[in-house]
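Student: I am new to this structure and would like to know what stands behind the terms used for it. Please show me the model and take the terms one by one.

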Amino acid sequence: MSRLHLTFACGSLTLAGTLDTAPGHTGLLIVSGGSEVRSGAFSGQAQLAARVAQAGFPVFRFDRRGIGDSEGEDHSFRSSERDIASALCAFRALAPELDRVFAFGNCDAASALMLTKGAGFDGLILSNPWSFEDGDDSTPPAAIRKRYAQKLKNPNEVLRLIRGGIDFGKLGKGLLRSAKPSPEPSNLISEMRERLNDYSGSVTILLATADRTAQQFAQSWDPTDNRIARCEGAGHAYAEPDHRNWLEDRVLAALRS
């Protein structure tokens, strides 16, 4: 196994990619979220790629247009279908032995994969899909209520409250926000749901329960969807060792399915 740094074409532009080689016939293409480069937050995607490759599955990562080492302009996740398709084409050309390719995306990369209907992929692994409308990324009222309920169950937090060891102004604002009704599902999540319904491949949805992006998504998604797995206490990037291990286990389970 080795790690190869390379370039590939996306129309007239040149994009940068990284291939972790492995002998398997099922591969993983990692799509970066937001404006992250292909290594991911805290190098999390680079580390995930190395571990998945060690388990026998080749992994391809890339910087979309206007990000990192790639040419062009960044027009956000809604305009990334062409980037993803070009990366998939490059991956298959570099590893012609592949029978199946799965895609993994965190945050708006997951949303992008849903919006493209998973075109060309045999399976999707969707982590903490972004479902906020532009300009609205506040913590959902339901998540605030859950956080306060957890605090009231903690004797130390109750003692802090009694002793005045909290900011009552901040507490009051939080209580007012928690009392608001849950917002209607966004147009984005409705579009994501509709597009994903047209996809016939394997789907795994991973949610980090301490992440507000995952909380917002869960608030508008079917809670009985059996494709959902939750990592309790994890943040957006699965930065803690236990949470990284959980993510790796779920990704490998999907690839082996």
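Student: What makes the space of about 80 Å³ a cavity?

Tutor: A cavity is a set of points on a 1 Å grid over the protein atoms alone where a 1.4 Å probe fits but cannot get out. Volume is the space filled by probe spheres set on the points, which are joined across faces, edges and corners. By that reckoning the largest cavity holds about 80 Å³. This is a predicted model, in which local features need pLDDT of at least 70 and side-chain atom pairs count only at pLDDT 80 or more, while totals for chains, interfaces and linings use all residues. Residues are numbered from 1 along each chain as its sequence is written, and side-chain values use heavy atoms, with hydrogens and water left out.

Student: Which residues line the largest cavity closest to its centre?

Tutor: Lining residues have an atom within 4 Å of a point. For the largest cavity there are 13, and Val31, Ser32, Phe62, Arg64 and Ser80 are the closest to its centre. Helix 3 (residues 108–115) gives the largest share of this lining, three residues. Helices here are DSSP runs of H or I with at least four residues, strands are runs of E with at least two, and both are numbered from the N terminus.

Student: How many residues of the lining of the second largest cavity are nonpolar, polar and charged?

Tutor: Ala, Val, Leu, Ile, Met, Phe, Trp, Tyr, Cys and Pro count as nonpolar, Asp, Glu, Lys and Arg as charged, and the others, Gly among them, as polar. The second largest cavity, of about 40 Å³, is lined by Arg64, Arg65, Glu73, His75, Ser76, Ser79, Ser80 and Asp83. Set against the classes, this lining has no nonpolar, four polar and four charged residues. In the largest cavity the division is seven nonpolar, three polar and three charged.

Student: What makes a space a pocket instead?

Tutor: A pocket is an open set with protein on both sides within 12 Å along at least five of seven lines. The second largest pocket has a volume of about 330 Å³. Of its 20 lining residues, Ala41, Gly44, Gln45, Asn106 and Ala237 are the closest to its centre. Helix 1 gives the most to this lining, with five residues.

Student: Why is helix 1 called oblique to helix 9?

Tutor: Axes are lines fitted to C-alpha atoms over the stretch in contact, with angles from 0 to 180 degrees between N-to-C directions. The axes of helix 1 and helix 9 come within 11 Å and cross at roughly 50°. Angles under 35 degrees count as roughly parallel, over 145 as roughly antiparallel, 65 to 115 as roughly perpendicular and the rest as oblique. Helix 1 is therefore oblique to helix 9.

Student: Why do strand 1 and strand 8 stand at the edges?

Tutor: Two strands pair if DSSP finds at least two bridges between them. The eight strands form an open sheet in the order 1-2-4-3-5-6-7-8, with mixed pairing. Strand 1 (3–10) and strand 8 (228–231) each have a single partner strand, so one side of each is left without a neighbour in the sheet.
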